[in-house]
Amino acid sequence: MVDVAVICGSASDTAVAEKVFSVLREQGVSYDYQVISAHRDPDRLDDYIRSSPCRVFIAIAGLSAALPGVIASKTARPVIGVPVSGKLMGLDALLSIVQMPKGVPVACVGVDNGENAAHLAIRMLALASE
Ligand SMILES: Nc1c(C(=O)O)ncn1[C@@H]1O[C@H](COP(=O)(O)O)[C@@H](O)[C@H]1O
């Protein structure tokens, strides 16, 4: 059983994931880490979402960042997206994550701001434990 599932679209997003881990570790929150692309490996992503016992997902992705939205389409658990800076300073990923259609919500933190994704996840978890 883990509290948070952290998923990156690519191993190249690891530096942003490390920011998430550092806050979660500091606060004693358990997490699982996976690199799974919704674009490149949709079936494995589907399997992971179905089998993960986590309570919150943090999805980290750059470029055309479908990952957080695809996760949100497959679970009712909260999804926090972290846009990663890349070719367009992260604006492409930011807009991909923020502009979700109604009914499929994704919370979005600032570009490369893995720390805030972890802090927001911790606040969500606190709702259930208070
Ligand atoms: N946005 C996505 C998705 C996805 O949304 O499924 N899969 C990979 N990516 C992003 O592509 C960028 C370049 O990836 P590579 O470095 O592997 O070419 C990464 O920032 C990743 O998050």
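Helices (H or I, at least four residues) and strands (E, at least two) are taken here as DSSP runs, numbered from the N terminus. The model is a predicted one: local features need pLDDT of at least 70, side-chain atom pairs count only at pLDDT 80 or more, and totals for chains, interfaces and linings use all residues. Residue numbers start from 1 along each chain as its sequence is written.

**Exercise 1. Work out the strand order of the sheet and how the strands pair.**

Step 1. Strands count as paired if DSSP finds at least two bridges between them. In general, strands of a sheet pair through backbone hydrogen bonds, either parallel or antiparallel.

Step 2. Take strand 1 (residues 4-8) and strand 3: they run parallel and are joined by 5 bridges. Within this pair, Val 6 has Ile 58 of strand 3 as its bridge partner.

Step 3. Go on to strand 4, which pairs with strand 3 over 6 bridges, again in the parallel sense. Here Phe 57 sits opposite Val 79 of strand 4.

Step 4. Put it together: the 5 strands form an open sheet in the order 2-1-3-4-5, with parallel pairing. Strand 2 (31-35) and strand 5 each pair on one side only, which makes them the edge strands.

**Exercise 2. Find which strands helix 5 lies across, and its angle to strand 3.**

Step 1. Contact means that two C-beta atoms, placed from the backbone, lie within 7 Å. Axes are lines fitted to C-alpha atoms, for helices over the stretch in contact, and angles between N-to-C directions run from 0 to 180 degrees.

Step 2. Helix 5 (residues 114-129) lies across strand 1, strand 3, strand 4 and strand 5, and it runs at about 165° to strand 3.

**Exercise 3. Decide how well strand 4 is covered, and which way its residues point.**

Step 1. Buried means 20 or more other C-beta atoms within 10 Å of a residue's own, exposed means 12 or fewer, and partly exposed is in between; the C-beta atoms are placed from the backbone.

Step 2. Count: 6 of the 6 residues in strand 4 are buried, so the strand is mostly covered.

Step 3. Split them by direction. Val 79, Gly 81 and Pro 83 point one way, while Ile 80, Val 82 and Val 84 point the other way. That fits the usual pattern, since side chains in a regular strand alternate between the two faces of the sheet.

**Exercise 4. Locate the buried side of helix 4 and say what covers it.**

Step 1. In helix 4 (residues 91-98), the buried residues are Ala 93, Leu 94, Ser 96 and Ile 97.

Step 2. These residues lie on the same side of helix 4 because they cover an arc of only 165° around the axis (taken from the directions from the helix axis to the C-beta atoms).

Step 3. Their cover includes strand 3 (56-62), helix 3 (67-74), strand 4 (79-84) and strand 5 (107-108).

**Exercise 5. Compare where Gly 103, Leu 63 and Asp 112 sit, and classify each one.**

Step 1. Gly 103 is in the loop between helix 4 and strand 5. It is exposed because just 7 other C-beta atoms lie within 10 Å.

Step 2. Leu 63 belongs to the loop between strand 3 and helix 3. Its 17 C-beta neighbours inside 10 Å make it partly exposed. Its phi is near 55°, a positive value in a residue other than glycine.

Step 3. Asp 112 is in the loop between strand 5 and helix 5. With 19 other C-beta atoms within 10 Å, Asp 112 is partly exposed, and its phi is near 65°.
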